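Biologist: Please give me a close look at one part of this model: the pocket, its lining and what surrounds it. Keep it brisk, and go residue by residue where you can.

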Amino acid sequence: PARWVAPFRGFCEGLAGSGKRIPLIVGMTALVWALEAARLFCTTRAVGLSIPTSAVIFAALAASLLTTLPITVAGLGVVEGAIVAMLLLLNVDQPTATFVALLDRSVSYWSILVVGLPLFLFAPER
(Lines give C-alpha, C1' and ligand atoms only; values in the text may rest on other atoms or scores of the structure.)
Protein backbone atom coordinates (compact mmCIF):
# COMPACT_ATOMS: atom_id res chain seq x y z
CA PRO A 1 0.00 0.00 0.00
CA ALA A 2 1.09 3.55 -0.74
CA ARG A 3 0.87 4.64 2.90
CA TRP A 4 3.50 2.08 3.86
CA VAL A 5 6.10 3.18 1.29
CA ALA A 6 7.62 6.04 3.34
CA PRO A 7 7.89 4.08 6.62
CA PHE A 8 9.31 1.07 4.77
CA ARG A 9 11.92 3.22 3.01
CA GLY A 10 12.92 4.76 6.35
CA PHE A 11 13.24 1.28 7.84
CA CYS A 12 15.41 0.09 4.94
CA GLU A 13 17.66 3.15 5.12
CA GLY A 14 18.09 2.76 8.88
CA LEU A 15 18.83 -0.92 8.51
CA ALA A 16 21.39 -0.33 5.77
CA GLY A 17 23.13 2.41 7.77
CA SER A 18 23.25 0.49 11.04
CA GLY A 19 25.97 -1.89 9.88
CA LYS A 20 28.57 0.84 10.34
CA ARG A 21 27.69 1.11 14.03
CA ILE A 22 27.92 -2.58 14.90
CA PRO A 23 31.44 -2.34 16.41
CA LEU A 24 30.30 0.58 18.57
CA ILE A 25 27.19 -1.28 19.69
CA VAL A 26 29.16 -4.45 20.50
CA GLY A 27 31.77 -2.44 22.41
CA MET A 28 29.19 -0.55 24.44
CA THR A 29 27.32 -3.76 25.21
CA ALA A 30 30.51 -5.43 26.41
CA LEU A 31 31.28 -2.40 28.59
CA VAL A 32 27.82 -2.41 30.17
CA TRP A 33 28.00 -6.14 30.91
CA ALA A 34 31.48 -5.74 32.36
CA LEU A 35 30.18 -3.00 34.65
CA GLU A 36 27.30 -5.26 35.73
CA ALA A 37 29.81 -7.96 36.66
CA ALA A 38 32.06 -5.42 38.39
CA ARG A 39 29.13 -4.22 40.50
CA LEU A 40 28.34 -7.74 41.71
CA PHE A 41 32.05 -8.43 42.22
CA CYS A 42 32.39 -5.33 44.41
CA THR A 43 29.21 -6.25 46.29
CA THR A 44 30.48 -9.74 47.11
CA ARG A 45 33.85 -8.38 48.21
CA ALA A 46 32.17 -5.68 50.33
CA VAL A 47 30.44 -8.34 52.43
CA GLY A 48 33.63 -10.39 52.74
CA LEU A 49 32.92 -13.15 50.24
CA SER A 50 35.75 -14.56 48.16
CA ILE A 51 33.95 -16.05 45.18
CA PRO A 52 35.84 -16.92 41.98
CA THR A 53 35.68 -14.07 39.49
CA SER A 54 34.34 -16.36 36.77
CA ALA A 55 31.41 -17.34 38.99
CA VAL A 56 30.65 -13.69 39.77
CA ILE A 57 30.72 -12.84 36.06
CA PHE A 58 28.39 -15.75 35.28
CA ALA A 59 25.97 -14.79 38.04
CA ALA A 60 25.92 -11.12 36.99
CA LEU A 61 25.34 -11.87 33.33
CA ALA A 62 22.67 -14.46 34.09
CA ALA A 63 20.92 -11.90 36.30
CA SER A 64 21.13 -9.32 33.51
CA LEU A 65 19.58 -11.75 31.07
CA LEU A 66 16.76 -12.51 33.50
CA THR A 67 15.80 -8.84 33.61
CA THR A 68 14.76 -9.15 29.97
CA LEU A 69 12.13 -11.80 30.64
CA PRO A 70 8.68 -10.27 31.00
CA ILE A 71 7.88 -12.14 34.20
CA THR A 72 7.94 -9.08 36.45
CA VAL A 73 9.01 -5.46 36.04
CA ALA A 74 12.81 -5.51 35.51
CA GLY A 75 12.83 -9.07 36.83
CA LEU A 76 12.02 -7.84 40.32
CA GLY A 77 12.07 -10.86 42.62
CA VAL A 78 13.12 -13.30 39.91
CA VAL A 79 16.62 -11.88 39.54
CA GLU A 80 17.21 -11.72 43.27
CA GLY A 81 16.11 -15.34 43.60
CA ALA A 82 18.46 -16.38 40.82
CA ILE A 83 21.39 -14.58 42.41
CA VAL A 84 20.64 -16.25 45.74
CA ALA A 85 20.37 -19.66 44.04
CA MET A 86 23.69 -19.19 42.27
CA LEU A 87 25.40 -18.09 45.45
CA LEU A 88 23.96 -21.07 47.32
CA LEU A 89 25.50 -23.34 44.67
CA LEU A 90 28.83 -21.71 45.52
CA ASN A 91 28.38 -22.72 49.19
CA VAL A 92 27.43 -19.26 50.45
CA ASP A 93 25.03 -19.41 53.39
CA GLN A 94 21.47 -18.30 52.69
CA PRO A 95 21.37 -15.11 54.81
CA THR A 96 24.59 -13.84 53.22
CA ALA A 97 23.44 -14.80 49.71
CA THR A 98 20.14 -13.00 50.27
CA PHE A 99 21.91 -9.93 51.61
CA VAL A 100 24.28 -9.84 48.61
CA ALA A 101 21.38 -10.16 46.16
CA LEU A 102 19.36 -7.41 47.85
CA LEU A 103 22.37 -5.13 48.23
CA ASP A 104 23.40 -5.59 44.60
CA ARG A 105 19.91 -4.91 43.29
CA SER A 106 19.57 -1.91 45.61
CA VAL A 107 22.77 -0.45 44.22
CA SER A 108 21.61 -1.03 40.65
CA TYR A 109 18.16 0.51 41.24
CA TRP A 110 19.34 3.45 43.33
CA SER A 111 22.14 4.34 40.94
CA ILE A 112 19.61 4.56 38.13
CA LEU A 113 17.30 6.71 40.23
CA VAL A 114 19.99 9.01 41.62
CA VAL A 115 21.64 9.60 38.25
CA GLY A 116 18.74 9.06 35.87
CA LEU A 117 15.98 11.01 37.60
CA PRO A 118 17.75 14.39 37.54
CA LEU A 119 18.79 13.80 33.94
CA PHE A 120 15.20 13.02 33.05
CA LEU A 121 13.76 15.96 34.96
CA PHE A 122 16.21 18.57 33.75
CA ALA A 123 16.98 17.36 30.24
CA PRO A 124 16.22 19.91 27.55
CA GLU A 125 13.25 19.02 25.39
CA ARG A 126 13.95 17.95 21.86
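Modeller: The answer starts with the ground rules, enters the pocket, and then moves outwards.

This is a predicted model, with local features needing pLDDT of at least 70 and side-chain atom pairs pLDDT 80 or more, while totals for chains, interfaces and linings use all residues. Numbering runs from 1 along each chain as its sequence is written, and side-chain values use heavy atoms, without hydrogens or water.

The largest pocket holds about 300 Å³ of space. A pocket here is an open set of points on a 1 Å grid over the protein atoms alone where a 1.4 Å probe fits, with protein on both sides within 12 Å along at least five of seven lines. Its volume is the space filled by probe spheres set on those points, joined across faces, edges and corners.

Now the wall. The lining of the largest pocket comprises 17 residues (each with an atom within 4 Å of a point). Nearest the pocket centre are Glu 36, Arg 39, Arg 105, Ser 108 and Ile 112. Four helices (DSSP runs of H or I, at least four residues, numbered from the N terminus) each give the lining at least two residues: α2 (22–46), α3 (53–66), α4 (78–89) and α5 (94–122). Helix α5 gives the largest share, six residues. By class, nine lining residues are nonpolar, four are polar and four are charged. Nonpolar covers Ala, Val, Leu, Ile, Met, Phe, Trp, Tyr, Cys and Pro; charged covers Asp, Glu, Lys and Arg; the others, Gly among them, are polar.

Next, the charged contacts. The whole structure contains three salt bridges (a side-chain nitrogen of Lys or Arg within 4 Å of a carboxyl oxygen of Asp or Glu). Start with Glu 36 and Arg 39, two of the residues nearest the pocket centre. Their side chains form a salt bridge at 3.1 Å, N to O. Both sit in helix α2, three residues apart, so about one helical turn separates them. Glu 36 is partly exposed, at 24% relative accessible area (buried is under 20%, exposed over 50%, partly exposed in between, with a 1.4 Å probe and protein chains only).

Arg 39 has a second partner. It forms a salt bridge with Asp 104, the closest N and O atoms lying 2.8 Å apart. Because Arg 39 is in helix α2 and Asp 104 in helix α5, this pair ties together parts 65 residues apart in sequence. Asp 104 itself is buried, with a relative accessible area of 2%.

Arg 105 takes part in the remaining pair. Glu 80 meets Arg 105 in a salt bridge, with 2.9 Å between the closest N and O atoms. This contact also links distant parts of the chain, since Glu 80 lies in helix α4 and Arg 105 in helix α5, 25 residues apart. Both ends are buried: Glu 80 at 10%, Arg 105 at 8%. Shared partners, meanwhile, join Glu 36, Arg 39 and Asp 104 into one network of salt bridges.

Now follow helix α5 beyond the pocket. Trp 110, Leu 113, Val 114, Val 115 and Leu 119 make a nonpolar surface patch of about 550 Å². A patch takes residues with over 30% relative accessible area and no salt bridge, and joins nonpolar side chains (Val, Leu, Ile, Met, Phe, Trp, Tyr) within 5 Å; areas are Shrake-Rupley values with a 1.4 Å probe. Leu 113 lies in helix α5 and is partly exposed, at 44% relative accessibility. Phe 99 is also in helix α5 and is partly exposed, with a relative accessible area of 44%. Its C-alpha atom is 42 Å from that of Ser 18, 81 residues away along the chain.

The loop between α4 and α5 holds Asn 91. Its phi is near 65°, a positive value in a residue other than glycine. Most residues other than glycine have a negative phi. Asn 91 is exposed, with a relative accessible area of 72%.

Finally, helix α1 (residues 5–18) carries Arg 9. Arg 9 is exposed at 55%. From Arg 9 to Thr 96 the C-alpha distance is 55 Å, across 87 residues of sequence.

Definitions and conventions
Patch = residues over 30% accessible without salt bridge, like charges linked within 9 Å, V, L, I, M, F, W, Y side chains within 5 Å.
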